[in-house]
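Here is a brief report on one protein chain, written to be read beside its sequence and structure. Please keep the 3D view open as you go.

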Amino acid sequence: MDLEKRVYEIAEKHLPDESIFMVDVVVKSNKGPKKVLVLIDGDEGVNIDTCADLSRLVGNEIEENNVIDDAYRLEVSSPGTDYPLKSIRQYKKNIGRQVKVYLQDTELLGVLKAADEDKVVLDKEVKKGKKKDLEEVEIPWSDIKKTIVQISFK
């Protein structure tokens with residue numbers, strides 16, 4: 001089993017409750033010790049205490065079971081604003097927000113309206129003369145390379 005999958009399983013079993021969920025585990029090994037990044041999210045967001053508690057539990061289990069032989073640095077956090085959405089649960093959490101969906105050969109900007117097992121639905125602004133209308137666009141999961149939530153300062 002690869003290291004990312006093993007750490008994902010360890011972190012997932014130590015999540016505090018059903019409102020917190022796993023997003024990703026990324027292991028980077030550039031210069032120096034490996035960096036093990038555990039990304040979590042929550043239906044109502046994630047606070048620093050939740051990250052710190054999970055970091056202690058995951059770190060203890062990694063040490064007790066010798067999951068990583070070399071030196072490493074463990075970091076537990078929520079994904080940043082530039083991190084792509086990974087799960088349907090993240091998409092659902094962001095319904096009503098503006099997103100940029102990267103497809104194979106184009107990008108779509110719109111308001112996330114829905115997400116289910118088959119597709120994502122956006123309300124995309126379309127200009128019709130001097131008027132702007134909303135057009136509903138359905139995007140199958142297989143067409144999506146990544147989706148980034150757009151930050152609004154309005």
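How many nonpolar, polar and charged residues are there in the lining of the largest pocket? The lining has seven nonpolar, six polar and three charged residues. Note at the outset that this is a predicted model.

**The pocket**

The largest pocket holds about 290 Å³ of space. Its lining is made of 16 residues. Nearest the pocket centre lie Asp-41, Pro-79, Gly-80, Asn-94 and Arg-97. Among these five, Pro-79 counts as nonpolar, Gly-80 as polar, and Asp-41 and Arg-97 as charged.

**The chain as a whole**

The protein chain has 154 residues, and 36% of them count as buried. Its secondary structure comes to three helices and eight strands. Along the sequence, these elements run α-β-β-α-β-α-β-β-β-β-β. The pattern begins with a helix and ends with five strands in a row.

The C-alpha atoms fill a box of roughly 65 × 30 × 30 Å along the principal axes. The accessible surface of the chain is about 9,800 Å². Carbon and sulfur atoms account for 45% of that surface. Contacts also reach across the sequence. Among those with a separation of 6 or more, 51% join residues 24 or more positions apart.

**Salt bridges**

The structure holds twelve salt bridges. Three of them are listed here, with N to O distances.

| Acidic partner | Basic partner | Distance (N to O) |
|---|---|---|
| Glu-61 | Lys-13 | 2.8 Å |
| Glu-75 | Lys-35 | 3.5 Å |
| Asp-116 | Lys-119 | 2.8 Å |

Start with Glu-61 and Lys-13, whose side chains meet at 2.8 Å. Glu-61 sits in helix H2 (residues 48–64) and Lys-13 in helix H1 (residues 3–13), so this pair ties together parts that are 48 residues apart in sequence. The two partners differ in exposure. Glu-61 has a relative accessible area of 9%, so it is buried. Lys-13 is exposed, with a relative accessible area of 55%.

The side chains of Glu-75 and Lys-35 meet at 3.5 Å. Here the link runs between strands. Glu-75 belongs to strand S3 (residues 72–77) and Lys-35 to strand S2 (residues 34–42), so the pair ties together parts 40 residues apart in sequence. Glu-75 is partly exposed, at a relative accessible area of 31%. Lys-35 is also partly exposed, at 23% relative accessibility.

The third pair is Asp-116 and Lys-119, at 2.8 Å. Asp-116 counts as partly exposed, with 29% relative accessibility. Lys-119 counts as partly exposed too, at 21%.

**A network around Asp-123**

Which residues do salt bridges with shared partners join into one network? They are Lys-113, Asp-123 and Glu-136.

Asp-123 is found in strand S6 (residues 119–128). Is Asp-123 buried or exposed? Its relative accessibility is 19%, and the cut-off for buried is under 20%, so Asp-123 counts as buried.

Leaving aside residues up to four places away in sequence, Asp-123 touches Gly-110, Val-111, Lys-113, Leu-134, Glu-135 and Glu-136. Both of its network partners, Lys-113 and Glu-136, are thus on its contact list.

Note on methods:
Residues are numbered from 1 along each chain as its sequence is written. This is a predicted model: local features need pLDDT of at least 70, side-chain atom pairs count only at pLDDT 80 or more; totals for chains, interfaces and linings use all residues. Side-chain values use heavy atoms; hydrogens and water are left out. On a 1 Å grid over the protein atoms alone, a cavity is a set of points where a 1.4 Å probe fits but cannot get out, and a pocket is an open set with protein on both sides within 12 Å along at least five of seven lines; lining residues have an atom within 4 Å of a point. Grid points are joined across faces, edges and corners, and a volume is the space filled by probe spheres set on the points. Helices (H or I, at least four residues) and strands (E, at least two) are DSSP runs, numbered from the N terminus. Buried means under 20% relative accessible area, exposed over 50%, partly exposed in between (1.4 Å probe, protein chains only). Contact means heavy atoms within 4.5 Å. Accessible areas come from the Shrake-Rupley method with a 1.4 Å probe; for residues, only the protein chains shown count as cover. A salt bridge is a side-chain nitrogen of Lys or Arg within 4 Å of a carboxyl oxygen of Asp or Glu.
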